[in-house]
Amino acid sequence: MRKRLERHLDWNLAKRKALVTPEWLRDSVAQDHLLPCADYAALPDLKEAAEKHCPRSTSQSIQTPSYKPSSPFPSPHTSFIESPFRTAHVNPGPPAFLLPPPVPLLTPKLDHTARFSCSRASPLISVNQSLCSAFDVLRCSRVLEGNERSALSYARAIARVSLTVNSAFPRKITASERSEVQKLPFIGAKISKMIDEYLFYGEIAEIEEKRKSERFVSLSLFASIYGIGPVTARKLYDRGLRTLRDLEAYYEADIGPAPIGQSDSTEMNIRIALELRDDLVQTISRDEVEAIHSTILDHLNAVEPGCVSTLVGGYRRGKPASNDIDIVFTHPNTTSAKGLCTRLIARLRSSGLVTHVMHLSSFHEYNTLRTAHWDSLEKALTVYRTPNDGQHRRVDLICALPDTYWTAVVGWTGGTTFERDLRSAAKAIGLKFDSSGITRRRDSKIIYPRSEKEVFDIIGLPWVDPTLRNTDA
Ligand code: TTP
Ligand code: MG
């Protein structure tokens, strides 16, 4: 109804657009070209406007791939870049098996009460965001203190309360719903009590105290430096260090000047991270993520034409700003894919785009005698320097073999609890999932999914769009 529409959109603006129903998009995708809009006008009064302003079909079709897992590799191709809130993102030509899955235009209804978070829909901003952020203080504190078990409880509670209670749609937890929440898996007595306290007072005393505690503040600060984990953070604290200044003094005294190029020791990485801290603490906008991805791809395709890549990590989950940039890439030809990361790094370094390589690991062959996967991904954790303004950014480059491309994409998209639950869900049906493949436990048979959707199918999970994998606070 016009009245209803006008609650959201000015009528004059509506008349300047082609306002159509979702069927237009669905049918256009199905027919692989942009259909005329008039028949899909959102309101009869807007039919004329829809016709007038309809985007015209160009010679380039919609580029939604037809999904043919067993197709051979056709032509070489450019990369595909994620659009923020969609899954399919294809430029012409990738080999069919490396194309993303057809986009489910409507995400199938996911069960908010499912045990594993990888079967639930976890949007970027939770309806219970401040409660999640509060629990995250305790989760971080437990990680910093080396109490993994307790940290896991809070991580699970966050993933649980982040979306909803026992209802069809995400809803803010209210006093009337607390008993429903408290029945959910992973919401034990202590967390229940905290939820009560939060509902009553709007905050949780233990968490507010923790936020202010000197130990928590210092440990968090130390652990924010790349290379400093909880154990080192505690050691530094025990030596009497409290501030960034203390840290700088300590590492400068102990280690000497920062090296250029690849650093092999953790201490060197810490030294570099401290030196570049002002740049590295800045978050990276989506535009910048895309620009850096695009530059790296140009270099990648110069090294080996025909590569494909996906921007993964928080960017893919729709985060407006990321702490680092994670890129998974491969080449359809296994031989060309091997060693690609090392070759790319050599090129990026000689062009001055990569200033430091914090870690570089090469492929390991899969050993069938082991039930655990060897890491068959080639990884470079780097510092990238933007050519325009010389800002340093953390960029993780993950090169997969074509067979492990989709498990790598799923494994590096996150979030952390989503990934953990994905492994648990796989284990529950006798499989082992990690970024470098899926193994059947009983006979170590390796299964290589031919698409991201197939990863979910094999593990028996419903498809969850990347933007709904934000299980962490
Ligand atoms: P991160 O880059 O650490 O986190 P993020 O991208 O979700 O958020 P941000 O960068 O903004 O802080 O990790 C991305 C994903 O990659 C995450 O799901 C975990 C996975 N991962 C690994 O599998 N191995 C690793 O060594 C790291 C660092 C991440
Ligand atoms: Mg990241």
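This report covers the surroundings of two ligands in a predicted model.

## The shell around ligand 1

Ligand 1 has 13 residues around it. Gly 314, Arg 317, Lys 319, Asn 323 and Asp 324 come nearest. By type, the shell holds 1 nonpolar residue, 7 polar ones and 5 charged ones.

## Polar contacts of ligand 1

Oxygen atoms of ligand 1 take part in several short pairs. A backbone N or O atom of Gly 314 lies 2.8 Å from one such oxygen. Side chains contribute too. An N or O atom in the side chain of Lys 319 is 2.7 Å from an oxygen atom of ligand 1. For the side chain of Asn 323, the distance from an N or O atom to an oxygen atom of the ligand is 2.8 Å.

## Cover and contributing elements

On its own, ligand 1 has 580 Å² of accessible area. The protein covers 67% of that area.

Two or more residues of the shell come from each of α16 (313-316) and α19 (405-413). The most come from α19, which gives 3 residues.

## The magnesium site

Ligand 2 is a magnesium ion. Its protein donors are Asp 324 (OD) and Asp 326 (OD). They lie 2.0 to 2.1 Å from the ion. Asp 324 is also among the residues that come nearest to ligand 1.

How do the two donors sit, buried or exposed? Asp 326 has 9% relative accessibility, so it counts as buried. Asp 324 has 21% relative accessibility and therefore counts as partly exposed. The cut-off for buried is under 20%.

Terms used. Residues are numbered from 1 along each chain as its sequence is written. Chains are lettered from A and ligands numbered from 1 in the order in which they are written. This is a predicted model: local features need pLDDT of at least 70, side-chain atom pairs count only at pLDDT 80 or more; totals for chains, interfaces and linings use all residues. Side-chain values use heavy atoms; hydrogens and water are left out. A residue is near a molecule or strand if one of its heavy atoms lies within 4 Å of it. A polar contact is a pair of N or O atoms within 3.5 Å; within protein, one must be able to donate a hydrogen and the other to accept it, and residues adjacent in sequence count only if both atoms are side-chain atoms. Accessible areas come from the Shrake-Rupley method with a 1.4 Å probe; for residues, only the protein chains shown count as cover. Helices (H or I, at least four residues) and strands (E, at least two) are DSSP runs, numbered from the N terminus. Ala, Val, Leu, Ile, Met, Phe, Trp, Tyr, Cys and Pro count as nonpolar, Asp, Glu, Lys and Arg as charged, and the others, Gly among them, as polar. Donors are N, O and S atoms within 2.8 Å of the metal (3.2 Å for Na, K and Ca); water is not among the atoms, so sites may look incomplete. Buried means under 20% relative accessible area, exposed over 50%, partly exposed in between (1.4 Å probe, protein chains only).
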